[in-house]
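Here is a short briefing to keep beside you while you look around the fold. Please have the viewer open and follow along topic by topic.

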Amino acid sequence: MNEVRKLAVVTGGASGIGEAAARRFGQGGFHVVIADVNDERGKAVVKDMQRSGASADYLSVDVSHEDDVRIFATAVIEQYGVPDALVNSGGILQNAVRLLEADVAEIDRLYDINVRGTLLVSRAFGGAMCNAGRGAIINLCSMTTYRPSAQIGYAIGKAGLKMLTEVMAAEWGPSGVRVNAVAPGYTLTPAMQARIDSGERDPDAVIEKSALKRFVKPSEVADTIFFLCSSEASAITGATLPIDCGWLVRSAYLAYASQPA
């Protein structure tokens, strides 16, 4: 008799932290549904996972479109069942910009994908997960959840996602659904590497202000996500966990007016 696999759904699973999370769940024996707008890349990740023995499928979804999310969630539940783990990794980045010069259309797009998209996907699966009395949801916050940043639209959204995580945890906890968030620091994803290559990020500044003197690896964020969805984290809900190589503490320490001689 075949063992029934647990199900993980990962939005934004075609690249970066989402891809790393999808691969980690695959390694952990889950069937993984990768969802993204990048169909070519998403299908390539699934094929690579399958070659390594993991169980995975790809479905296209634009998390900023409510009808698209509803159709996607219905298809997943009908075909695969209710997710045991949902990772809201679908999102976009922003370069630094002064508030008076910021493009409001860009701010709106950041909100639609990063915040509203997380809300839509969580609602689309949350009812079924609550009815099933189980499951774990992970949202993607950031260092900008805790520190001001010139990434105006991005930072506002990531701060809001912490509150959304806490509200979801409070409301859905009595039904057996845990909701947490991770707050990655400077993570060396392909998107980050592209910004370094283009001169939009200074890697030396990142390393200098990190207690561990390095970037975070996507696999390290994925390991934490996997842990938070596991039975070992069964008492943890409503938490937002920094994974930043000590950037938050080191940058604050260096900024303090009094320093050791």
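Let's begin in the middle of the sheet: strand β1 (residues 7-11) runs parallel to β4, and four bridges link the two. Please keep in mind that this is a predicted model. From that pair we can work outwards to the whole sheet, then visit a pocket and a handful of single residues.

**The sheet as a whole**

- Seven strands make up an open sheet with parallel pairing, and their order is β3-β2-β1-β4-β5-β6-β7.
- The edges are β3 (55-60) and β7 (240-243), each of which pairs on one side only.
- From one strand to the next, the twist averages 20 degrees.

**Strand β4 and its neighbours**

- Which way do the side chains of β4 (residues 85-88) point? Ala85 and Val87 point one way, Leu86 and Asn88 point the other way, and all of them are buried.
- On the β1 side, Val10 stands opposite Val87 of β4, and Val9 has Leu86 of β4 as its bridge partner.
- On the other pairing, β4 and strand β5 (residues 136-140) are joined in the parallel sense by four bridges.
- Val87 turns up here again, standing opposite Ile138 in β5.
- To get from β4 to β5, the chain passes through helix α4 (residues 104-132), and this β-α-β crossover is right-handed.

**Cys130, a cysteine in the crossover helix**

- Helix α4 holds Cys130.
- Is Cys130 buried or exposed? Its relative accessibility is 17%, so Cys130 counts as buried, since the cut-off for buried is under 20%.
- Cys130 and Lys158 are 28 residues apart along the chain, and their C-alpha atoms are separated by 25 Å.

**The second largest pocket**

- A probe the size of a water molecule, rolled over the atoms, shows where empty space is left.
- The second largest pocket has a volume of about 170 Å³.
- Its lining is made up of Lys6, Phe30, Asp84, Gly135, Ala136, Arg178, Cys229, Ser230, Ser231 and Ser234.
- Sorted by class, that lining has three nonpolar, four polar and three charged residues.

**Two residues with positive phi**

- Most residues other than glycine have a negative phi.
- Lys213 has a positive phi, near 60 degrees, although this residue is not a glycine.
- Lys213 sits in the loop between α7 and α8 (218-228), and its relative accessible area of 40% makes Lys213 partly exposed.
- Cys245 is another non-glycine residue with a positive phi, in this case near 55 degrees.
- The loop between β7 and α9 (247-255) is where you will find Cys245.
- With a relative accessible area of 9%, Cys245 is buried.

**Ile207 and its link to Cys245**

- Ile207 belongs to helix α7 (residues 203-208).
- Why does Ile207 count as partly exposed? Its relative accessibility is 29%, and partly exposed covers the range between under 20% for buried and over 50% for exposed.
- Ile207 and Cys245 are 38 residues apart along the chain, with 9.2 Å between their C-alpha atoms.

Note on methods. Residues are numbered from 1 along each chain as its sequence is written. This is a predicted model: local features need pLDDT of at least 70, side-chain atom pairs count only at pLDDT 80 or more; totals for chains, interfaces and linings use all residues. Side-chain values use heavy atoms; hydrogens and water are left out. On a 1 Å grid over the protein atoms alone, a cavity is a set of points where a 1.4 Å probe fits but cannot get out, and a pocket is an open set with protein on both sides within 12 Å along at least five of seven lines; lining residues have an atom within 4 Å of a point. Grid points are joined across faces, edges and corners, and a volume is the space filled by probe spheres set on the points. Ala, Val, Leu, Ile, Met, Phe, Trp, Tyr, Cys and Pro count as nonpolar, Asp, Glu, Lys and Arg as charged, and the others, Gly among them, as polar. Buried means under 20% relative accessible area, exposed over 50%, partly exposed in between (1.4 Å probe, protein chains only). Two strands pair if DSSP finds at least two bridges between them. A crossover is right-handed if, with the strands pointing away from the viewer, the path from the first strand over the helix to the second runs clockwise. Axes are lines fitted to C-alpha atoms, for helices over the stretch in contact, and angles run from 0 to 180 degrees between N-to-C directions.
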